[in-house]
Amino acid sequence: MIYNGQIVYNQNNCLNEKKASDNLCRLCIDSCPHQAISIYRELDAKSCTECGICTAVCPSDGFVYRDTDTLYEYLKNSEKIVLNCPQAIPAGHEIPCLGIIDRDLWVTLMLYAREKELTIFTGVCADCPDKKACGISVQIFIELHNAWEDHPPVLIKVAADDGDSESTVSVQAQNESRGWRDIGREKFEEIRGGNTSLEPYLIPKTRQFLEETWKSLKSEIEVLPIPALKVSERCTNCGECPEICPQGALTKTDTKEQLTLIYEPLKCVHCQRCVSICRSKAISMEVKSLSYRLLTGKVLLYQGKRRFCASCNKQVFDDLEPPLCMACATKNPYGSFMITQHSRSQV
């Protein structure tokens, strides 16, 4: 466990620790605008500005914003929602940066926007050292906006703090007015000599908040645009994709005759390891309109019959006719043709 004020690295939640893979996740390292994260996921306190982009791009809360729970309580209990970054006027609940807002949190904000007024104040991002972090989060918002055309409005205003601004909305706790960096340093000092253990959890915080919000709000929204897996007819029934899933979101029922893939969207963190490992390119991640029941349930993603060599009965992973394994194909009178076709099917 590594602390740096408000940003926490929870090693047990990191995908690289959950399940070994040749394709290591580097989203936090590559997205950090200040190169403050080492290959060992250590934070350089002098370089880190706690913009929070590492928490937004991390699929599984390997990096997490420590006050996410406080933010969620504010969203849930306030009559109207006003958020501001440190560079903006102190108009409401201060967040480190728009960089902490990932896709699930944007969706949660939009759900609340149907029930209550929601405004986000920012400073002049072009002049901010965390502008890259803000830009990544805004791009996530734009992609969501394009996928959800009739979403409730989220008002974002540029209102830089000139140093003389007074709070326009009194919604902060008294200690929050001191700023998130000061609070973060104090909390870091409090826990530095104590127990720094943090229990791992399977479903990221913002995904939990999205599920809770959608369930609790009396909303007319029946479906939401959620990235989800799709399996095409090119699937060869090899059964490798569930083995690589670090979340247990993709599981299989495996018999000699048939392969069945079960998908749980709530657990899926869109790391796409299953997509990258699929040799037949049958798996893809697409934004789909999911109901609450589909998001939180188990989905029959795919069911296919296994194919076996017509000569030796060994399992084969292509759709050629007649089905032949490589060894038997070389013995076939048309062996050279079969090998050529088999090779092409693997490309």
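# A guided tour of the predicted model

In the protein chain, which has 347 residues, buried residues account for 49%. The model is a predicted one. With the whole chain displayed, the secondary structure amounts to 13 helices and 14 strands. Of the contacts between residues at least 6 apart in sequence, 73% join residues at least 24 apart.

## The parallel sheet

Select strands S5, S4, S6 and S7, in that order: these 4 strands form an open sheet with parallel pairing. At its edges are strand S5 (93-94) and strand S7 (155-158), each of which pairs on one side only.

Restrict the view to strand S4 (residues 81-84) and S5, which are joined in the parallel sense over 2 bridges. To see one contact of this kind, select Leu-83, whose bridge partner in S5 is His-93.

Next, add the helices that lie across this sheet. Helix H4 lies across S4 and S5 and runs at about 145° to S4. Helix H5 (residues 103-115) lies across S4, strand S6 (118-122) and S7, and its direction is about 130° to S6.

## Aromatic pairs

Keep H4 in view and turn to the rings. Searching the whole structure yields 4 aromatic pairs, two of which are visited here.

Select Tyr-72 and Phe-209 to begin. Their ring centres are 4.1 Å apart and their planes stand at 0°, so this pair is stacked. The pair connects distant parts of the chain, since Tyr-72 belongs to helix H4 (residues 68-77) and Phe-209 to helix H8 (residues 205-216), 137 residues apart. Both Tyr-72 and Phe-209 are buried.

Stay on H8 and select Trp-214 together with Tyr-292. Here the ring centres are 5.7 Å apart and the planes meet at 85°, so Trp-214 and Tyr-292 form an edge-to-face pair. This pair also links distant parts of the chain: Trp-214 is in helix H8 and Tyr-292 is in helix H11 (residues 292-296), 78 residues apart. Trp-214 is buried, with a relative accessible area of 7%, whereas Tyr-292 is partly exposed at 24%.

One further ring deserves a selection. Display Tyr-201 and Lys-205: Lys-205 lies over the face of Tyr-201, 5.4 Å from the ring centre.

## The antiparallel sheet

Move on to strands S9, S10 and S12. These 3 strands form an open sheet in the order S9-S10-S12, with antiparallel pairing. Strand S9 (250-254) and strand S12 (299-305) occupy the edges; each has a single partner strand, so one side of each is left without a neighbour in the sheet. From one strand to the next, the twist averages 20°.

Within this sheet, isolate S9 and strand S10 (residues 258-263), which run antiparallel and are joined by 5 bridges. Select Leu-250 for a closer view: its bridge partner in S10 is Tyr-263.

## Two cysteines without a bond

Finish at Cys-325 and Cys-328. How many disulfides does a search of the whole structure find? The search finds 0. Cys-325 is in no disulfide, and the nearest cysteine sulfur, that of Cys-328, is 3.6 Å away. Why is there no bond from Cys-328 to Cys-325? The separation of 3.6 Å between their sulfurs is too far for a bond, because a disulfide requires the sulfur atoms to be within 2.5 Å.

Colouring by accessibility completes the view of these residues. Cys-325 is buried, with a relative accessible area of 8%, and Cys-328 also counts as buried, at 11% relative accessibility.

Definitions and conventions:
Residues numbered from 1 in each chain as written. Predicted model: local features only at pLDDT ≥ 70, side-chain atom pairs only at ≥ 80, totals over all residues. Heavy atoms only, no water. Phe/Tyr/Trp six-rings, centres within 6.5 Å; stacked < 30°, edge-to-face > 60°. Buried < 20%, exposed > 50% of the residue type's maximum accessible area, 1.4 Å probe, protein only. Lys NZ or Arg CZ within 6 Å of the ring centre and 35° of its normal. Pairing = 2+ DSSP bridges. Contact = heavy atoms within 4.5 Å. Axes fitted to C-alpha atoms, helices over the stretch in contact; angles between N-to-C directions.
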